Amino acid sequence: MTEPLWTLTDAAAAMGGCVVADDAAAQALSGISIDTRTLKVGDLFFAIRGEARDGHDFVRDALARGAGAAVVAEERAADLAGAGPLIAVPGRDEDSVLAAMRGLAVAARARTGARVLAVTGSVGKTGTKEALRHVLAAQGATHASVASYNNHWGVPLTLGRMPASSAFGVFEVGMNHAGEIAPLTRLVRPEIAIVTTVEPVHIEHFRSLSGIADAKGEIFYGLEPGGVAIINRDNPNFERLKAHALASRAGRVVSFGEHREADVRAERIVMRPDLSIVDVRAMGQAVTYQLGTPGRHTALNSLAVIAAVQALGADLALAALSLAQLRPPAGRGARHVLQVAGGEALLVDESYNANPASVRAALSTLAGVETSGRRIAVLGDMMELGADAPALHRELAQAVEEHGIDLVFTAGPLMQELFEALPSARRAGARQGSAELVEVVLEAVRPGDAVMVKGSNSTRMGRIVEALKARYGGAQDQDLAVGRSG
């Protein structure tokens with residue numbers, strides 16, 4: 001019989017709460033949920049209060065759907081009496097349940113013997129987290145963040161979901177403002193902490209790029225004594241990040257990149273349309289591997305994975321073999337074959353998010369796609385760039401030219417800046433939002449085209465991806481890259 005994730009009594013004790021239900025103390029809890037739409041039978045439901053909705057309004061529904069119990073504010077417990085097993089936690093309604101989740105996270109971290117890693121960075125943290133999940137899963141039971149659960153509720157939720165028997169735990173930690181990473185990394189208490197890179201993302205909340213580097217450097221504050229800090233040696237803020245690591249409890253700093261002084265150094269990266277081949281010198285050890293996801297940025301981030309595996313003392317050869325089976329997550333480079341009249345086109349789904357660095361990387365990857373038709377970029381506004389936003393959008397015109405992108409569609413007033421900076425031959429169409437652009441893009445696709453869609457979350461560029469898949473098929477092709485798996 002599978003061990004429960006938590007028992008009701010253990011969970012209540014960890015959160016300082018009180019069980020409110022008859023004969024429910026033996027109830028086994030198999031998971032944790034904050035959303036009734038995805039809740040599974042046996043989940044512990046947390047009635048978190050968000051900006052728009054109060055989770056307490058969904059407690060009865062959660063219990064009716066089979067939740068093992070619900071965590072509620074003490075002052076709301078009486079109103080929910082009789083709905084099912086509850087854990088009433090002390091504190092004010094608006095923050096008590098989230099505080100209780102953090103308490104459960106602390107208990108989850110304390111009870112596990114897992115080797116724990118944390119990843120942050122302006123670009124590439126989710127892809128690096130997924131790569132670590134992938135390679136470590138071949139070497140032991142691995143628990144990792146779902147999607148991009150990297151904020152003040154996502155990190156404790158992920159910790160609370162970690163089985164005690166996990167061999168490895170991989171956590172993504174993000175931020176929009178200074179001071180947000182520090183409390184999260186202290187919850188995670190990583191043995192290894194990685195910063196992929198520092199770029200002008202969320203720059204409107206910072207005075208300079210150095211401020212972003214300082215915020216990312218907070219990830220080292222939670223390192224376990226003697227832990228390892230892994231930092232991108234190619235980034236101009238390397239020394240600043242290293243100073244943060246040296247001021248922490250880190251036992252050593254390991255660098256990665258193409259820099260001649262990098263501890264894990266790429267000696268050669270061979271770019272192919274659907275994969276990369278990487279020759280690495282890792283702390284003096286030669287390693288060559290095939291990476292089942294295309295793009296130079298992905299290849300460089302794979303160096304951080306190699307560095308982490310080596311720091312863990314895990315099987316480096318097995319990790320290198322595993323990287324060939326890696327494929328990009330949905331919204332971050334996943335590829336789909338479209339069945340258009342007269343042939344096929346390729347859709348590259350980069351719609352999850354966007355910033356200047358990631359858009360340039362996506363354009364570079366699009367340039368490397370083998371196609372008999374046109375290379376088409378469909379770009380939505382990049383958000384949180386502050387006063388420099390118009391200029392940062394215009395400057396993408398240079399990357400479009402350098403990578404030989406044939407046509408560009410844009411959505412949003414900021415991307416209009418890019419559209420107007422392009423030569424007329426590359427201007428395919430501009431609209432105020434993604435909804436208005438859908439039909440224009442659908443009508444433009446021809447056999448042989450490669451279409452890449454990218455934009456910040458709030459621009460909802462994913463609706464264009466879904467529309468293309470709906471009209472033209474778009475099942476993800478298992479054979480687009482050699483050795484890929486799901």
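This report describes a sheet, the helix packed on it, and a pair of packed helices in a predicted model.

The sheet is open and consists of five strands in the order 2-7-6-5-4, with mixed pairing. Strand 2 (18-20) and strand 4 (31-33) form its edges, each pairing on one side only. On average, neighbouring strands of the sheet are turned by 25° against each other, direction ignored.

At one of these edges, strand 2 runs antiparallel to strand 7 (residues 86-89), and three bridges join the two. Within this pairing, Val20 stands opposite Leu86 of strand 7.

Helix 1 (residues 8-15) packs on the sheet, and its direction makes about 10° with that of strand 7. The strands that helix 1 touches are listed below.

| Strand touched by helix 1 | Residues |
|---|---|
| Strand 2 | 18-20 |
| Strand 5 | 43-46 |
| Strand 6 | 69-73 |
| Strand 7 | 86-89 |

Leu8, Ala11, Ala12 and Met15 are the buried residues of helix 1. Viewed down the helix axis, these buried residues fall within an arc of 100°, so they line one face of helix 1. Gly16 follows helix 1 and has a positive phi, near 65°.

Further along the chain, helix 9 (residues 296-312) packs with helix 10 (residues 316-323) at an angle of about 155°, their axes being 10 Å apart. Because angles over 145 degrees count as roughly antiparallel, helix 9 is roughly antiparallel to helix 10. Helix 9 contributes Ile306, Val309 and Gln310 to the contact, while helix 10 contributes Leu316, Ala319 and Leu323. The crossing of helix 9 and helix 10 is right-handed.

Definitions and conventions: Residues numbered from 1 in each chain as written. Predicted model: local features only at pLDDT ≥ 70, side-chain atom pairs only at ≥ 80, totals over all residues. Heavy atoms only, no water. Pairing = 2+ DSSP bridges. Helix = DSSP H or I, 4+ residues; strand = E, 2+ residues; numbered from the N terminus. Axes fitted to C-alpha atoms, helices over the stretch in contact; angles between N-to-C directions. Contact = heavy atoms within 4.5 Å. Buried < 20%, exposed > 50% of the residue type's maximum accessible area, 1.4 Å probe, protein only. Arc of directions from axis to C-beta. Parallel < 35°, antiparallel > 145°, perpendicular 65-115°, else oblique. Left-handed = near helix turned anticlockwise from the far one by under 90°.
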